[in-house]
Amino acid sequence: SDTNLVSQADSIITFLEEENDLTSKYNLAFRYWNRLDSVEAFEILNTIPEQYNLTNDQLTTHQQYLDYFDILKLIADSNWTASDLDSVSVELLFEIKENGGSGISAFARGMLLKGGFIDYKETIVLPRLASPEENSFANKNIDDNEQRKDYLKLFPNPAGDYVIVFYDIGSD
């Protein structure tokens with residue numbers, strides 16, 4: 001609601017700067033990175049161990065964030081795309097994808113996917129319906145035209161910076 005701010009991202013950064021948890025600090029580092037302020041992003045990451053008493057698992061995750069940001073910096077400094085990554089960076093991303101926490105693992109998987117190093121099919125979990133007879137469309141008598149109807153659409157395909165999700169719950 002502050003009309004003196006230059007952009008909406010400033011409000012989010014201000015909010016995240018006031019938060020005092022690890023997830024907010026990692027999100028803050030990404031916000032600064034997206035504003036092309038790598039110095040501030042790395043400053044936030046480097047001060048986390050000083051601000052928090054990290055467990056061994058948290059230290060491992062923190063190192064994975066540092067490694068991921070190093071790869072982001074390599075891409076930016078070299079004017080590369082994700083598909084131009086060297087084998088050492090790709091191997092590190094695979095390690096983070098397999099052994100990282102859910103957040104950093106997803107970032108690593110996304111970069112590997114964007115670079116064409118993996119194929120990935122996202123698991124889609126649809127909500128369970130209220131009554132047992134509604135739990136499966138296979139139990140209903142649906143004509144051929146109804147069976148061909150798209151209940152879930154994701155577009156554009158391939159996706160870049162965003163994806164639109166359309167889920168038709170039908171009239172039932």
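**Helix packing, two salt bridges and some odd backbone spots**

Okay, let me start with one residue: Glu98 is exposed, at a relative accessible area of 53%. On the cut-offs, buried means under 20% relative accessible area, exposed means over 50%, and partly exposed is in between, using a 1.4 Å probe and protein chains only.

A word on what we're looking at. This is a predicted model, where local features need pLDDT of at least 70, side-chain atom pairs count only at pLDDT 80 or more, and totals for chains, interfaces and linings use all residues. Numbering runs from 1 along each chain as its sequence is written, and side-chain values use heavy atoms, with hydrogens and water left out.

So, the overall layout. The chain has 7 helices and 2 strands, and along the sequence that reads α-α-α-α-α-α-α-β-β. Helices here are DSSP runs of H or I with at least four residues, strands are E runs of at least two, and both are numbered from the N terminus. Of the 172 residues, 26% count as buried. Take the contacts between residues at least 6 apart in sequence: 40% of them join residues at least 24 apart. Contact, for this whole talk, means heavy atoms within 4.5 Å.

Back to Glu98, then. What does Glu98 pair with in a salt bridge? Its partner is Lys97, and the closest N and O atoms are 2.5 Å apart. For a salt bridge we want a side-chain nitrogen of Lys or Arg within 4 Å of a carboxyl oxygen of Asp or Glu. The whole structure gives 2 of these. The other one links Asp77 to Lys73, with 3.0 Å between the closest N and O atoms. Both of those residues sit in helix α4, residues 56–78, and they are 4 residues apart, about one turn of the helix. Asp77 counts as exposed because its relative accessibility is 57%, while Lys73 is partly exposed at 31%.

Now Lys97 turns up again, this time around Leu112. Leu112 is in helix α6, residues 102–114. Is Leu112 buried or exposed? Buried, because its relative accessibility is 0%. Leaving out residues up to four places away in sequence, Leu112 touches Val90, Leu93, Phe94, Lys97, Phe117 and Ile118. Take Val90 from that list: Val90 and Leu112 are 22 residues apart in sequence and 7.3 Å apart in space, C-alpha to C-alpha.

On to helix pairs. Two packed helices are described by the angle between their axes and the distance between the axes. Our axes are lines fitted to C-alpha atoms, for helices over the stretch in contact, and the angles run from 0 to 180 degrees between N-to-C directions.

First pair: α2, residues 22–34, and α3, residues 38–51. Their axes come within 7 Å and cross at roughly 165°. That makes α2 and α3 roughly antiparallel; the bins are under 35 degrees for roughly parallel, over 145 for roughly antiparallel, 65 to 115 for roughly perpendicular, and oblique for the rest. The crossing is left-handed, meaning the near helix is turned anticlockwise from the far one by less than a right angle, with clockwise being right-handed. From α2, the residues in contact include Tyr26, Tyr32 and Trp33, and among those they meet in α3 are Phe42, Ile44 and Ile48. By class, this contact has 11 nonpolar, 2 polar and 2 charged residues. Nonpolar here is Ala, Val, Leu, Ile, Met, Phe, Trp, Tyr, Cys and Pro; charged is Asp, Glu, Lys and Arg; the others, Gly among them, are polar.

Second pair: α4 and α5, whose axes come within 11 Å and cross at roughly 145°. This crossing is left-handed as well. On the α4 side you have Gln64, Asp67, Tyr68, Ile71 and Leu74, against Ser89, Leu92, Leu93, Ile96 and Asn99 of α5. The class count for this contact is 6 nonpolar, 3 polar and 1 charged.

Last, the backbone oddities. Leu36 has a positive phi of about 65° although it isn't a glycine. Leu36 is in the loop between α2 and α3, and at 79% relative accessibility it counts as exposed. Asn79 also has a positive phi without being a glycine, about 60°. Asn79 is in the loop between α4 and α5, exposed at 71%. And where's the cis peptide bond? Between Phe155 and Pro156, with omega about 0°. Pro156 is in the loop between β1, 152–155, and β2, 164–167.
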